[in-house]
Amino acid sequence: MTTTIWTELAGTDFTMTTVDAGGVPTRALQAGSGDEHVIFLHGTSGHLEAFARTIPAHAESYRCHAIDMLGHGFTGRPDVPYEIPRYRDHLLAYLDAQGIERAHLVGESLGGWVSGRLAIDDPGRVASIQLLCAGGTVANPEVMERIRTSTRLAVETDDIELTRRRMRLLMADPADATEELVAIRHLIYHRPEFAANLDNLLCLQDLDTRLRNILRPEDLAEITVPTLIVWGRDNPFGEVPEAAAMHAHIPGSELVLLDDCGHWPQHEQAERYNPISLAFLAKHPVG
């Protein structure tokens with residue numbers, strides 16, 4: 001049976017809202033209740049729907065926030081290059097706007113990079129981090145070129161097949177790039193303000209800029225909050241040794257490798273990922 005974002009969220013009370021995060025209107029899907037907050041952060045050129053299969057299970061025990069990151073989705077787009085400190089500061093502004101002193105961070109790809117940065121710079125605001133095929137620890141020119149080229153082509157050409165290819169690039173099984181996700185991504189890519197802002201959004205695919213922002217082994221060693229690394233064995237943007245290196249450098253971290261999984265573990269392997277995540281969160285409550 002075909003599932004949709006609506007069927008994934010059916011039975012879960014949720015609100016789609018816009019939060020003023022330091023002057024940046026920020027689209028957020030909020031669900032669940034409780035004293036502990038979990039923030040879900042997507043990847044480059046992504047959007048909050050990446051977590052549609054994740055929110056319901058987590059909302060049974062936690063207050064969940066899936067947000068469109070700075071310059072992404074339907075969130076505001078200040079005309080500045082989006083280097084990691086800007087994403088970090090936007091995330092902090094969102095936490096402040098919601099009155100959240102400390103949160104669990106679940107970051108996929110770019111979202112993991114930002115989560116790691118905040119955990120290093122301001123660990124008092126972070127209860128735990130989950131790095132789902134996280135970026136930001138290597139600078140692979142071939143991968144960067146693939147991200148830059150496929151995104152730019154899909155944005156600058158009004159052909160939904162290019163958006164479909166960009167989405168399928170993420171998944172081990174192309175069927176997981178559902179037509180609904182393709183339609184949402186295509187809508188976002190072809191908003192005039194998104195296209196006008198593309199250089200800012202892709203700046204981390206420039207080698208010099210990336211190297212200025214990268215998390216080096218000595219940075220990872222500074223992460224003191226509980227850390228779970230989840231990696232797809234078929235991740236097209238980073239092979240397993242990249243995850244193993246993160247695990248080696250982050251003290252006390254846990255590493256889970258998933259078969260038949262590309263770059264979106266929380267989506268492609270939701271039935272396996274959700275209980276792993278919930279068990280990790282239960283072990284590390286906000287103190």
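1. A starting point for reading this predicted model: a residue is called buried when its relative accessible area is under 20%, exposed when that area is over 50%, and partly exposed in between. By that cut-off Asp-176, with a relative accessible area of 15%, is buried.

2. Asp-176 is a good residue to look at alongside its partner. Its side chain meets that of Arg-53 in a salt bridge, with an N to O distance of 3.4 Å. Arg-53 sits in the loop between strand E3 (37-41) and helix H2 (55-59), and Asp-176 in the loop between helix H6 (160-168) and helix H7 (179-189), so this pair ties together parts that are 123 residues apart in sequence. Arg-53 counts as buried too, at 19% relative accessibility.

3. Next, please have a look at Glu-179 and Arg-164, whose side chains form a salt bridge at 2.8 Å, N to O. This pair links distant parts of the chain, with Glu-179 in helix H7 and Arg-164 in helix H6, 15 residues apart. The two ends have their own surroundings: Glu-179 is partly exposed, with a relative accessible area of 43%, while Arg-164 is buried at 14%.

4. A further pair to inspect is Arg-233 with Asp-259, where the side chains meet in a salt bridge of 2.7 Å, N to O. Arg-233 belongs to the loop between strand E7 (227-232) and helix H12 (240-249), and Asp-259 to the loop between strand E8 (254-258) and helix H13 (265-268), so the bridge ties together parts that are 26 residues apart in sequence. Arg-233 is partly exposed, with a relative accessible area of 45%, and Asp-259 is partly exposed as well, at 39%.

5. There is also a network that you may like to display as a group. Arg-88, Asp-89, Arg-117 and Asp-121 are joined into one network by salt bridges that share partners. For the whole model, the count comes to 19 salt bridges. As background, side chains of opposite charge can pair when their charged atoms come close.

6. Finally, a word on His-58, which has its place in helix H2. How accessible is His-58, buried or exposed? His-58 counts as buried, at 0% relative accessibility. Leaving aside residues up to four places away in sequence, His-58 touches Phe-40, Cys-64, Tyr-273, Asn-274, Ser-277, Leu-278 and Leu-281.

How values were computed. Residues are numbered from 1 along each chain as its sequence is written. This is a predicted model: local features need pLDDT of at least 70, side-chain atom pairs count only at pLDDT 80 or more; totals for chains, interfaces and linings use all residues. Side-chain values use heavy atoms; hydrogens and water are left out. A salt bridge is a side-chain nitrogen of Lys or Arg within 4 Å of a carboxyl oxygen of Asp or Glu. Helices (H or I, at least four residues) and strands (E, at least two) are DSSP runs, numbered from the N terminus. Buried means under 20% relative accessible area, exposed over 50%, partly exposed in between (1.4 Å probe, protein chains only). Contact means heavy atoms within 4.5 Å.
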